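Me: Hey, can you walk me through this structure? I'm new to this, so plain words please.

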Amino acid sequence: MTAAALRPRIDTAALDAATAAVLIEKYGYTDEHLNTLKQLGSRTWVNARHEVETAAAVLAGSPPPVTAVTEFQGEHRFLSNFWPLDEDASVKDYTAEHWYQAEKTTVMAERDAIRACKTPGEAKELSQNITVREDWDNIKLNVMRKVLEQKFSLPWLRFQLLATGSAVLIEGNNWCDTFWGVCHCPRHGGEGMNWLGLLLMQKRNELGTTSL
Ligand SMILES: [Zn+2]
């Protein structure tokens with residue numbers, strides 16, 4: 001049995017010896033993992049693995065596992081739209097932010113100028129002074145969904161998103177973005193719709209039920 005045969009989903013109710021052998025050999029499962037997996041029922045292997053490890057950490061007396069990502073910084077910086085899409089960022093610091101902001105306008109010269117910005121911060125700033133298409137507010141969620149679709153088609157990012165397991169993803173910020181995230185300034189005090197976090201979790205769910 002090849003690893004590909006495991007995709008997209010392991011039916012743990014029928015976890016046969018061959019499948020178990022692959023999990024042990026390729027993914028480092030122990031018998032204890034497999035027993036827990038059976039008890040968890042039918043899940044995608046990534047989420048099941050996450051839950052197995054979480055359970056093991058709790059049993060071992062480790063600190064409570066991360067159940068929410070409350071800002072896209074540090075090890076979770078890759079969730080930010082400012083994360084470079086090239087593995088070798090020195091080639092070109094092109095990001096989901098460039099992509100998203102460029103979609104704001106139908107004026108080709110303006111799009112090109114945004115795409116050519118050296119950093120995502122510059123792309124965002126430039127997008128404040130362009131001809132924004134009239135239907136932008138109606139389409140921006142779908143545009144972001146498509147941008148994330150492309151971003152997380154990159155294997156190393158796809159894996160990292162899946163590795164967040166079942167953690168709630170919240171784009172916490174202090175720059176008053178209450179549409180894409182949740183703002184923690186004194187005025188907003190944790191208010192926000194968190195659309196970016198919601199779209200990322202939706203994307204993660206999709207990835208969890210398709211092949212890796
Ligand atoms: Zn605020």
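Reply: Sure, here is a tour that goes from the overall layout to a few single residues. This is a predicted model, in which local features need pLDDT of at least 70 and side-chain atom pairs count only at pLDDT 80 or more, while totals for chains, interfaces and linings use all residues. Residues are numbered from 1 along each chain as its sequence is written.

Me: Cool. How many helices and strands are there in the chain?
Reply: The chain has nine helices and four strands. Those are DSSP runs numbered from the N terminus, with helices being H or I of at least four residues and strands E of at least two. In sequence order the pattern reads α-α-α-β-α-α-α-α-α-β-β-β-α.

Me: And what share of the residues counts as buried?
Reply: Of the chain's 212 residues, 25% are buried. A residue is buried if 20 or more other C-beta atoms lie within 10 Å of its own, exposed if 12 or fewer, and partly exposed in between, with C-beta atoms placed from the backbone.

Me: Which residues have the most contacts inside the largest nonpolar core?
Reply: V147, L148 and L200 do, in a core of 24 residues. A nonpolar core is a set of buried Ala, Val, Leu, Ile, Met, Phe, Trp, Tyr and Cys residues joined through C-beta atoms within 7 Å. At least two core residues come from each of α4 (96–102), α7 (136–151), α8, β4 (182–183) and α9. The largest share is from α4, with four residues.

Me: What does V147 touch, beyond its neighbours within four places in sequence?
Reply: V147 is in contact with A96, W99 and Y100. Being in contact takes C-beta atoms, placed from the backbone, within 7 Å.

Me: OK, helix packing. At what angle do α7 and α9 pack?
Reply: They pack at about 45°, with axes 10 Å apart. Axes are lines fitted to C-alpha atoms, for helices over the stretch in contact, and angles run from 0 to 180 degrees between N-to-C directions. That makes α7 and α9 oblique to each other. Under 35 degrees is roughly parallel, over 145 roughly antiparallel, 65 to 115 roughly perpendicular, and the rest oblique.

Me: Which residues make that contact?
Reply: L141, M144, R145 and L148 of α7 meet W195, L199, L200 and K203 of α9. They divide into six nonpolar, no polar and two charged. Here Ala, Val, Leu, Ile, Met, Phe, Trp, Tyr, Cys and Pro count as nonpolar, Asp, Glu, Lys and Arg as charged, and the others, Gly among them, as polar.

Me: How do α8 and α9 cross?
Reply: The axes of α8 (residues 155–162) and α9 (residues 195–208) come within 9 Å and cross at roughly 100°, so α8 and α9 are roughly perpendicular. R158, L161 and L162 of α8 make the contact with L200, K203, R204, L207 and G208 of α9. That set has four nonpolar, one polar and three charged residues.

Me: Switching topic: where is N194, and is N194 buried or exposed?
Reply: N194 is in the loop between β4 and α9. It is buried, with 21 other C-beta atoms within 10 Å. Phi of N194 is near 60°, a positive value in a residue other than glycine. Most residues other than glycine have a negative phi.

Me: What about C176, what is its phi?
Reply: C176 has a positive phi of about 65° and is not a glycine. Its place is the loop between β3 (172–173) and β4. C176 counts as partly exposed, because 14 C-beta neighbours lie inside 10 Å.

Conventions: Two residues are in contact if their C-beta atoms, placed from the backbone, lie within 7 Å.
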